[in-house]
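I opened this notebook to keep track of what I looked up, entry by entry. I begin with a pocket, then turn to the cores and to one residue in a strand.

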Amino acid sequence: MLGLASGGGQQCPVFAAQNAEVTVFDYSDKQLELEKMVSTREGYSIDLVKGDMSKTFPFEDETFDMIFNPVSNCYIQDVEHVWQECFRVLKKGGVLLSGFANPALYLFGEDEKALQVVHKLPYDGTESMVENDEELIKNGGVQFSHSLETQIGGQLKAGFTLQDLYEDHHHKGKITEYMPCYLATKSIK
């Protein structure tokens, strides 16, 4: 099982507890350190690979039975590349579980109480980058919205068959009163 950009010791321990052989692929040293800390504390084995999911994945074709990709593709510009790489490294019949933000979340500015539209979609975080790294980290890094066409349609274009879709209201702020803020898909190769 591949935990794609899912370091941090939050999701992959669940798979390890079910006796899955887990590889975590993440760009963040801090997230990988947390993953290692949890695996050491809980006494299970996990492979940690540092890398950038916006590039070619460092795995052979048809390596994994499952890929778990939580809400993390908001940190890359080309999400369709990710779906193509997921398809490549999954075995035939393999499962892709992916979560992502509803693109409408990116319409609104910092003051979510006002629900005032301030950004057009797709949102490109590089257009409002701050110069200070601490400020960037505080604001959640550089993010990008993706249309449902590139999120779901991109999975289909890569060759996946969509098997299920789930919407979730989990999110802070006023917007959650009006719409689901996150989506999750289950797709099969």
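**Notebook: pocket, cores and one strand residue**

I first looked up the second largest pocket of this predicted model, and I found that it holds about 170 Å³ of space. Its lining is made up of 14 residues, and I noted that the closest to the pocket centre are Phe68, Leu97, Ser98, Gly99 and Ala184. When I asked which elements give two or more residues to this lining, I found strand E4 (64-69), strand E5 (90-101), strand E6 (161-168) and strand E7 (182-188). Sorted by class, the lining of the second largest pocket has seven nonpolar, five polar and two charged residues.

Next I turned to the largest nonpolar core, which has 19 residues, and wrote down those with the most contacts inside it: Leu2, Leu4, Met53, Phe57, Ile67, Val82 and Cys86. Two or more residues of this core come from each of strand E1 (2-4), E4, helix H3 (79-89) and E5, and H3 gives the most, with five residues. For Ile67 I left aside neighbours within four places in sequence and found contacts with Leu2, Leu4, Cys86, Val89, Leu90, Val95, Leu96 and Leu97. Apart from this core lies another, of eleven residues, and I noted Val22, Leu32, Tyr44 and Phe68 among them.

My last entry concerns Thr23, which has its place in strand E2 (residues 23-26). Is Thr23 buried or exposed? I entered Thr23 as buried because its relative accessibility is 10%. Not counting residues up to four places away in sequence, Thr23 touches Met1, Leu2, Gly3, Asp47, Val49, Phe59 and Phe64.

Conventions
Residues numbered from 1 in each chain as written. Predicted model: local features only at pLDDT ≥ 70, side-chain atom pairs only at ≥ 80, totals over all residues. Heavy atoms only, no water. Helix = DSSP H or I, 4+ residues; strand = E, 2+ residues; numbered from the N terminus. Buried < 20%, exposed > 50% of the residue type's maximum accessible area, 1.4 Å probe, protein only. Contact = heavy atoms within 4.5 Å. 1 Å grid on protein atoms, 1.4 Å probe; cavity = no way out; pocket = protein on both sides within 12 Å on 5 of 7 lines; lining within 4 Å. Points joined across faces, edges and corners; volume = space filled by probe spheres on them. Nonpolar A, V, L, I, M, F, W, Y, C, P; charged D, E, K, R; others polar. Core = buried A, V, L, I, M, F, W, Y, C linked by side-chain atoms within 4.5 Å.
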